[in-house]
Structures are given as structure tokens and as C-alpha cells.
Amino acid sequence: MSKVAAATPSPLRAVWLKWRFHLNVLLLLVPLGFMPKYLADAALFRGDSGIGERVAGEVQVGPWSLTLAEFRNEGPRPDPAGPMKFFNAALCANCAEQVKATYLRIGKPRSLRAAGVIFFGTPYRMGALLPVPERTPADAELWVTMEGWDGTMHQGSIALSQASPATIAWLNKQGVKP
Amino acid sequence: MSKKSRSKLWFLVHSWLALPIWFFVLIVCVTGTLAVVSQEIVWLANPEIRASKPSDDAEPLSYDQVINAIKRAEPLVIVQSIIRPDESHFALSVTLSYPDGRSVEVYVNPYTGAIQGISPAFDFKQFTRALHGWWLVPFTNGFSWGWYLVSALGLPLLASLITGLVVYKRFWKGFLRPTLRIRHGARIFWGDFHRLSGIWSIWFIAVISITGTWFLIQAILGDNQISISSEPIVPVIARENVPTSAPGVPAPMIALDDAIEIASQRIPGLETSFVFLPLNAYSHLQIGGRGWYPLMFQTAQINPYTGEVAVSHLLSNRSTLEFVTESMRPLHTGDFGGLWIKLIWAFFGLVLSMMVLSGLLIWTKRTALATLHALKRSHKAPRQAAAVAALQAEMTEGNQ
């Protein structure tokens with residue numbers, strides 16, 4: 001029991017005493033504030049707003065090609081296995097049947113076995129979770145490897161700065177760790 | 001501490017548990033109630049989600065027949081998954097990948113294979129679950145803070161149940177002599193209502209608060225990378241086990257119905273109510289369904305080229321701890337035994353929401369009076385006296 005309460009309360013204090021336990025109604029502002037984000041995310045996951053927040057462009061891979069997009073236009077997200085960046089892609093219209101598997105890697109792979117992370121999904125919409133080491137140089141290249149059903153292999157690349165400017169900004173912010 | 005002042009303390013704890021956050025608790029209860037029957041609400045609102053029989057003797061199609069029917073209607077789409085809902089009045093939930101990059105749930109008639117409709121951009125079912133489950137706060141790194149905010153309510157709810165039962169002495173008498181006095185004013189009515197609905201929902205409040213607290217524990221475990229799962233990590237299909245074929249000719253996969261047949265023979269008791277088609281050329285086909293224990297699912301990962309069962313995760317593989325922890329979610333949502341269980345959950349969800357409201361009404365009616373008295377006498381007597389008097393009136397009333 002505070003001494004202030006015992007004295008004749010000011011009107012302001014009376015209002016506070018009356019309404020303090022209803023202040024939690026303000027918690028409703030949280031879902032209201034997140035509503036646009038929730039709806040935008042729902043559209044992003046459904047693909048109503050395309051295969052990703054930012055389409056990086058076409059990557060030519062031998063006779064084939066794909067459209068590469070950043071699922072979210074942002075830097076890599078923290079993960080127990082290290083920072084990860086999610087890319088989405090769609091195969092070219094006439095190569096959907098041709099391509100058995102598509103892989104993504106930072107730097108040129110030496111062989112098919114080191115082609116990087118594999119894309120999951122359909123030729124119309126597939127995704128790959130790419131590990132991005134914090135020491136990745138800003139001029140790194142993103143390499144796409146595609147494998148045909150007969151075992152043929154083709155490679156193509158896109159500059160990381162073109163594939164994801166947000167990742168470059170993130171790398172610059174990290175600085176090179178010793 | 002004397003017996004009297006101890007029970008006073010219990011009472012104070014009980015009164016204060018939900019009060020400062022009453023509206024938040026109320027909305028979580030109401031949205032939870034809606035989430036339980038959200039699928040049914042959509043069923044009422046949208047005829048496309050209903051599984052109407054074309055004729056009385058119509059038989060449900062097999063998974064392959066469904067895929068073929070979809071392919072005939074939409075030759076370019078790719079079927080990603082098919083889920084047969086527990087209740088037969090719901091259409092199949094099929095995820096389709098469209099050439100324009102959309103990956104959306106569509107409602108497919110289980111008897112004809114007709115695509116009855118595409119799920120709307122605003123998914124009421126998902127929305128109520130997201131609002132109830134994590135207050136719409138996005139998941140960016142591990143569990144969202146909204147998830148923590150909501151699931152932490154499990155603890156005050158459990159404490160409310162325990163303190164409520166301690167305060168309401170000889171509560172079991174309420175079962176034999178139910179009291180709901182209507183003509184003695186709002187304060188008495190809401191007090192009776194709070195106690196009566198409270199004792200009849202002891203089991204439900206216990207289930208919801210314990211499972212809710214489990215969601216909190218789950219988030220803490222998850223965010224600290226602690227796993228208690230016996231679920232095997234499924235390796236991709238080895239490169240040499242995926243057949244090579246002619247250029248432009250995908251390696252042939254076995255028919256889905258055959259794969260299910262092989263798996264059912266190999267794993268007795270495996271029922272298939274959902275199938276997830278392979279995610280790429282090196283990924284397995286996943287099938288699954290409920291076993292003898294209705295609260296958990298069994299799954300099998302099948303090599304789509306040979307039909308070989310690569311990995312299975314069955315009831316018999318689960319540890320005792322997993323039987324407890326995996327039962328938590330269905331127990332919370334009431335989604336494990338058809339419409340009637342959902343309706344029971346929804347009813348008690350409504351009762352629980354009303355308990356929050358009646359608790360608040362009791363508090364405002366009592367405390368408003370007490371405060372008024374206290375303010376009037378603030379010069380003469382300490383304010384405490386009135387509050388204590390009101391409190392004693394409250395406590396004796398419940399023990400009549």
C-alpha cells in the first residue's frame with residue numbers, strides 16, 4: 001500500500017488504478033502489427049507472389065537454364081550448422097523433363113560429388129538451403145550444377161553479388177574473421 | 001502461518017494469476033476454441049471442401065486414380081502430396097505445383113478425383129492456428145517469441161487450476177449439489193458460474209495447461225538443439241541406386257498404389273492416410289497414417305524406383321517418453337478421433353473462455369466495490385480493511 005494511494009488520488013492516478021489491469025488489451029497490437037507480414041509470408045509460401053521475394057535472374061547451365069531467386073531478400077539466417085541462405089529456382093520450360101537433379105554451391109565444384117546442396121521440389125518451384133561461411137569473399141561465384149537422366153553434367157555460374165546483394169551486405173558487415 | 005491467512009494467500013494468488021493479463025488469456029482461449037473447429041467452419045462456409053458422393057454406391061479412388069484424374073484435368077501440374085482427412089466428409093487435401101511457380105493446397109473429390117477448388121489466399125484454418133499458437137509473430141531464428149508468449153500461459157493456467165481447487169474447499173460437493181443462483185445479482189451468479197464450470201472442466205484445464213506447458217518446453221528444447229526423438233535421419237538414395245536412363249527420359253518409378261501395397265505387407269498395421277511424393281530424384285516417397293494408438297502417426301520412407309522400404313518410424317520404435325510427448329499436441333488440439341472429440345474440445349474451450357471472463361467480472365465487481373469503499377474512507381481508516389472484508393465475504397461464500 002503506497003502512501004500516494006492513501007492520500008486523495010489525482011484524476012490521473014484514478015484513471016491508472018481503474019485501467020491498469022486492462023492495459024493488456026494493448027497486446028492485441030502485436031498480432032495486428034504482424035498481420036501484413038503474416039499475409040505476405042502466406043503469399044510467399046504459396047507462390048502467389050512468385051518463386052521468391054527477389055528474382056536474381058537466369059543462370060545458363062550448358063543447354064539448360066534456371067531462374068534463380070532469393071526466397072527472402074535478406075542475408076543468411078543463423079542456424080546450428082552455420083549461417084544459411086535459402087534460394088528458390090525454377091527450371092526452364094523445356095528442360096523440366098531433362099534434368100535429374102540440380103545443385104548449388106559457392107565456388108566451382110571439382111566434381112559432381114562435390115556439387116553442393118541439392119534442390120528439393122518440383123521443376124516449377126524448388127529450393128536449396130545454402131551454407132554461407134562467414135569468410136566467403138565478396139566476389140565469390142555461385143555455381144549451379146545440373147545432372148541429366150543419362151548422367152551428363154553441366155555447370156553454370158552467377159556472381160554472388162548478383163544472386164544476393166543482401167548476402168554481400170551481410171558479409172561486409174561480418175568482416176573477415178581471423 | 002495460521003490456516004486462515006494461508007487460505008487467504010492461496011485466494012490472493014488465485015485472483016492475481018490471470019487478472020493483469022485477462023484479455024490476452026481470453027483471446028488465446030477464444031482463438032484456441034476456434035482453431036479446434038476451424039476445419040469444420042471452413043466446411044460450412046465453403047462447399048469446395050466437402051466430399052460429396054456422386055452416387056450412393058460410389059467408392060473412394062485409390063491414390064494412383066486420384067493422381068491420374070488430376071493429370072487428366074491439369075496435364076502440366078505436379079502432385080506433391082495427398083492427405084486423406086480423418087473425417088470422410090472432407091475432400092482430399094492435395095498439394096499441387098503449378099507451372100507458374102505456385103505450390104498450393106487444392107480440394108479434390110475422393111470419389112471422382114475432380115479438383116473442386118483451390119484453397120483461398122487467406123486460409124482461415126491456418127490463420128486461427130497461427131493467431132492462437134504464436135500470436136502471428138514470425139519465426140525467424142528458432143521459435144518465435146509469440147510462441148513463448150502463448151505457451152508460457154500454460155503455467156499460470158495450471159497454477160489457477162491448483163489454487164482454485166485449494167481455495168474452493170470440498171469442491172467435490174459441487175458435483176453432487178450444483179449451485180447456479182440466477183436471481184441474486186450478477187456477482188453471485190458469476191461466482192457460482194465460475195465454480196460450477198471450473199469443477200466440471202478440471203480434466204480439460206489440466207489437459208490444456210499441461211500440454212500448453214509442453215509447447216513451452218518443446219520450444220526451449222528446440223532452441224537449444226536438444227532432441228529426444230527416436231526418428232531416424234533418412235539418408236538420400238545413394239547415387240548408384242537411382243537408375244540412369246536415356247537423355248530426357250526420367251527413370252521409371254513404381255506405381256504409388258504398388259508402393260503402398262508393398263509397404264503394407266512389410267509393415268503389418270501400417271495404414272496409409274497421407275503420401276508425400278519424392279522431393280527430387282534422390283529422395284524417398286513417404287507414406288503414413290495412424291496405427292492402433294490414435295494419437296500418433298507411423299511413417300515409412302520408400303525407394304520410389306524399387307519399392308524397398310528404406311526407413312520406417314512405427315509405434316513400436318517410439319520410446320515411452322515419446323508416447324507421452326508426441327501425445328501432447330493431439331491432446332491439446334482434440335484432433336485425434338473425429339468430429340465428436342473436436343466438438344467436446346470446442347465446448348470446453350468455450351467454457352474455459354467464459355471462466356476467464358467470469359473471473360474478471362467477479363474481480364471487478366468485488367474490487368470496484370472495495371476500492372470505492374477504500375477511497376471513501378481513505379482519510380479515516382486504512383484501505384486494507386475494506387479489501388479484506390470483501391475478500392472474506394468472497395471466501396466464505398464459496399464454502400457454503
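Two strands pair if DSSP finds at least two bridges between them. With that in hand, take strand β8 of chain A, residues 141–148, and β9(A): they pair in the antiparallel sense, over seven bridges. Within β9(A), A:H154 is the residue that stands opposite A:M146.

Before going on, please keep in mind that this is a predicted model. For chain A the pLDDT averages 91, and 94% of the residues score at least 70. The stretch to treat separately is residues 1–5 of chain A, where the pLDDT is below 50. Beyond near neighbours in sequence, that stretch has five contacts in the model.

Back to the sheet. What is the order of its strands? It is an open sheet of four strands in chain A, running β5-β4-β8-β9, with antiparallel pairing. Two of these are edge strands, β5 (117–118) and β9 (153–159) of chain A, and each pairs on one side only.

Next, the domains. Chain A is divided into domain 1, covering 9–49, and domain 2, covering 54–174. Taken over C-alpha atoms, the centres of these two domains of chain A are separated by 39 Å.

I picked one residue from each domain. The first is A:L44, in helix α3 of chain A, residues 29–46. Is A:L44 buried or partly exposed? It has 17 other C-beta atoms within 10 Å, so it is partly exposed; being buried would need 20 or more. Leaving aside neighbours within four places in sequence, A:L44 is in contact with A:S49 and A:E53. A:L44 also lies 12 Å from A:R125, C-alpha to C-alpha, with their positions 81 residues apart in sequence.

The second is A:I168, which lies in helix α5 of chain A, residues 165–174. A:I168 counts as partly exposed because it has 19 C-beta neighbours inside 10 Å. Which residues does A:I168 touch, not counting those up to four places away in sequence? They are A:A138, A:L160 and A:S161. From A:I168 to A:K85 it is 12 Å in space, C-alpha to C-alpha, although the two are 83 residues apart in sequence.

Now chain B, starting with B:H14 in helix α1, residues 3–18 of that chain. B:H14 counts as buried, because 21 C-beta neighbours fall inside 10 Å and the cut-off for buried is 20 or more. Setting aside residues up to four places away in sequence, B:H14 touches B:S160, B:T163, B:G164 and B:V167. One of these, B:G164, is 150 residues from B:H14 along the chain, yet their C-alpha atoms are separated by 6.2 Å.

That leaves the contact between the chains. How many residues does each chain put in? Chain B gives 44 residues and chain A gives 45. On the side of chain B that touches chain A, four elements supply at least two residues each: α2 (22–36), β1 (78–83), β3 (103–108) and α5 (124–134) of chain B. The most comes from α2(B), with four residues. By type, that side of chain B has 26 nonpolar residues, 15 polar and three charged.

Since α2(B) gives the most there, a last word on that helix. α2(B) has 15 residues and reaches 21 Å from its first C-alpha to its last, close to the 21 Å expected at 1.5 Å a residue. It is mostly covered, with 15 of its 15 residues buried.

Definitions and conventions: Residues numbered from 1 in each chain as written. Chains lettered and ligands numbered in written order. Predicted model: local features only at pLDDT ≥ 70, side-chain atom pairs only at ≥ 80, totals over all residues. pLDDT = per-residue confidence, 0-100. Contact = placed C-beta atoms within 7 Å. Nonpolar A, V, L, I, M, F, W, Y, C, P; charged D, E, K, R; others polar. Domains from an automatic or database assignment. Expected span 1.5 Å × (residues − 1). Buried ≥ 20, exposed ≤ 12 C-beta atoms within 10 Å, placed from the backbone.
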